[in-house]
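Student: I should like to learn how to read the place where two chains meet, and afterwards how to read a sheet. Where should we begin?
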Amino acid sequence: MESFLERNSFFSHLYRFFDAATPSWLAYLLAASVIVFVLVNGLMLFTMALIYMERRLIGRFQVRLGPNRVGPFGLLQPVADAIKILFKEDLVPVGADRITFNLAPVLFIFPVFLSLAVVPFGERYFLADLNVAVLFIMGVSGLSTIAILMAGWSSANRYAMFGAVRAVAQLISYEVPMVLSLVGVLLLVGSMSMVTIVEGQRLPLILLQPLGFLVFFMAALAELNRTPFDLVEAESELVAGYHTEYSGMKFGMFMLAEFAASVVSSAIIVTVFFKGWEGPLLPSHLWFVIKLFVVLFVLIWIRATLPRLRIDQIMAFAWKVLFPLSLVNIAATAVEVLLWPQPTTAQIWAMVGINWGVTFVSLALWSWLMGPTLRPNMPQLLRGATTGKAA
Amino acid sequence: MYGIGVLKGMAVTLKNFLRPSFTVQYPEESLPQHPRFRGQDFVWYEERCTGCASCAKYCPLGIIRIVTDPSGVATPQGDKYKVLAFDIDLGRCMYCGLCVEGCPYDALHMGSGFERARYRRQELVIPVEELRRMPKRPSTWFRPQMETKGYDPRMGKELPWQEAGRHEAPDVEKMKERWVKER
Amino acid sequence: MTLRTEPVTVNIGPQHPSTHGVFRLRVTFDGEVIQEVEPVFGYLHRGSEKLAEERTYSQVITLTDRLDYVASMTNNQAYVLALEKLCHVQPAERGLYLRVIAAELQRIASHLVATGFLLQDLGAFGTPLMYCFRERERILDMFEMLCGARITHSYLRIGGVFQDAPEEFWPALRIFLHDMPPYIDEYEQLLAENEILVARTKGVGLLSQEMAIASSTSGPVLRASGVPWDLRKADPYEVYDRFDFDIPVGTAGDSYDRFIVRIQEMRQSLRIVQQAVDQLPGGTSVGKVPVRAKVPFFIRPPVGDAYAHVEAPKGELGFYLVSDGSIAPYRCKIRSPSFINLTPLKEMLIGWKLADLVVILGSIDINMGEVDR
């Protein structure tokens, strides 16, 4: 208990505050509740910030302004959207399975909050420091697949069913490279605890694990259903995918959960690959937020640029590209860890060089192996119509 | 190597990210409107109109309703019909401008407005009273004489009826002389 | 153990984000793979051909605007050409050049829309669409200078165009001709080499040369299949025989070729506009040279019939007019390229996946105003 309080200053401040007036079990409960309250609402706040940022930045990427009417610079736009969505009629289709239909949005949103529990968002600021945090995140985030399948199946809509089936295939496939890409990190750091991962990084792990980062980032994009892997809710094909039939706040919960999942995934990326909260001069929370928004900006940038892939291409990409690449990464890292169990600074830089070399070589190799089908061809320009004068 | 095309595309979007936006904030500012813009508020000069109903005949949709009274008043230009009703149903108008093309006396012109939204369809009909009342800012569509005179509806100036025609407006004395000589 | 599966029939459209209007497809899927396609259209049928019989020849021009509403100029052009053939009217020289300038700008605008919406169908979240619309906006501005309308132009008249281009049009056109090629380069940089786009479009929706000819497709769909058939070269109308330009021809006939052929055609159109401006009789001075032959408004063509066709952005657009000597056409038949380009749709779709359906449909570039007429 004491050592936990020592390491978690966020919790210990609250605990000591409540401990002065109440018995210690109640103080513990109260302190935990306050932190959960702050975390959940903080995540909502960040989600709203992301929604605003996404709409404004995509506007700028598309050479327009984005929402700027509600409040100064349109800052209250997410609030206005939330109010609008709350007042919408709550429709349930006739053929729908009502219990499953109503349960799906709730089930979709809660794994997002669960995975936030183990993310440290500042020096000695976290809710829980599980020693199996990475495993926990992977396990919990897999739950959303069930919610999507429930939503799609219970809607009694064929578009929704298409979306759900696609989601199950895609999300389960991408779990594999996602987990495997983190194995390299675990090998280097030697712990699954998120706090230890941050503290154990002598260099930001993106330098040491470029291939692992690449695989994890793409798999995370796929898990988040963001472009170019957003075919679960591909609006030009499936209208809205698995949430076609949802309206009102139930739809709002799907939307909110997706954006919240983006925030949480970015937080995980920051923690694992960008040294988490650590940085010079500024306070640790601020560093965390800055890094978080940089990752979110890249997410938005990708969404603003790329078209989406097809279902078979996505599956092929997971199993034929990301999966072997993550195995290559594990092999390279394992050999390095075997060679230098306690690396000096020079050896770490040698590992950086080797890993970047491995990354480029393997990317080039896979590009070559996947064949020249993706090379564009240009049309020929002809001077005149060969068929001559029209009859 | 794969990914290069994607990175190139992302460079393009980043370049556009830094460009100023090309949209305009509509109620505060609006796009530059060109003098020939075929707008909603038709401009009708009662002084020039003889009630010949060419406009109604040229209209592909037949949305101009014109009622004239032959026992009308005498004007400096000579006798003409008195226009009792001149209703344009904007709800069905497609702004092709053929009525303006058909008008031999340059009495009817396209307007330059575009903000005539109404809550009911019948309010979209412009009755003759409103046509009389409305500010006279005609579009220069099919009116090359206005362009050569340098008239531009964007300046916000109203155009008096004497200057809307394709010929110089003759004064009364000249008119009388011509009528006497020609007959 | 064998799983019992059954095909699923889905109605795609008439209200669907990527059927380009009110197009409906009854598709039977086996999983995601298309087994059977039944296109259903007519939701936007307005009876343009019948309406034309009720209107005088000049009034029909306004109806043609509404066929392919992203390419009104070429619609006007096809109709006016047929009418001039019917009436034996020799149009004014300067008017012909203005027509060519307007038609080629319209082709660029239409191809921009086609490219933008193809990328929208591919899921690019509107960014290429907004870039394309930014340039299209400038073309529409120029059309507004010319004729006061941005979409439904009614600019062309029997014997020429209704009015000379205003003074402000020429500087705007010059700036546009200067600015446009870098923007086309930018589209190519953004799109043409993008691996995702190439993976999604290359080899998808193959249309063989024989099939393209047999189903009488035209325009970029036909040229992407490797047939160098362009009416501007094959049957030069107006003054197209005086310009020097190339025909981009695809090799494979897949969606990627159709997309890239359109991008290349934009460049060729810019070349034509530049040459037309250089050769323009009367130069850029306004109102010195007549742009319209003297033709009465209520024209009565001699009894007979005439067919004229133009290379519209989407393909061969033809008008067949029959005159009985009155002021209204006895019959007006429209050969609309969008409708006929849909003929091989079934052959192109079967065996592909749901995601390919929207891409193939987008690469054909249909316009429901023209399909249903």
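Tutor: Let us begin with the area. In this predicted model, about 1,800 Å² is buried between chain A and chain B, and carbon and sulfur atoms give 68% of that area. The contact takes 22 residues from chain A and 19 residues from chain B.

Student: How many salt bridges does the rule find across the interface of chain A and chain B?

Tutor: A salt bridge is recognised when a side-chain nitrogen of Lys or Arg lies within 4 Å of a carboxyl oxygen of Asp or Glu. The rule finds one across this interface. Its partners are Glu28(B) and Arg69(A), whose side chains meet at 2.9 Å, N to O.

Student: Which elements give two or more residues to the side of chain A that touches chain B?

Tutor: They are α3 (24-61), α14 (284-305) and α16 (345-369) of chain A. The most comes from α14(A), with five residues. By class, this side of chain A has 14 nonpolar, five polar and three charged residues.

Student: Let us turn to the sheet. In what order do the three strands of the open sheet in chain B stand?

Tutor: The order is β2-β5-β7, with antiparallel pairing. Both β2 (64-69) and β7 (125-126) of chain B stand at the edges with a single partner strand each, so one side of each is left without a neighbour in the sheet.

Student: How many bridges join β2(B) to β5 of chain B?

Tutor: Six bridges join β2(B) to β5 (residues 82-89), and the two strands run antiparallel. Opposite Ile66(B) stands Phe86(B), in β5(B).

Methods. Residues numbered from 1 in each chain as written. Chains lettered and ligands numbered in written order. Predicted model: local features only at pLDDT ≥ 70, side-chain atom pairs only at ≥ 80, totals over all residues. Heavy atoms only, no water. Pairing = 2+ DSSP bridges. Helix = DSSP H or I, 4+ residues; strand = E, 2+ residues; numbered from the N terminus. Contact = heavy atoms within 4.5 Å. Buried area = accessible area lost by both parts, 1.4 Å probe. Nonpolar A, V, L, I, M, F, W, Y, C, P; charged D, E, K, R; others polar.
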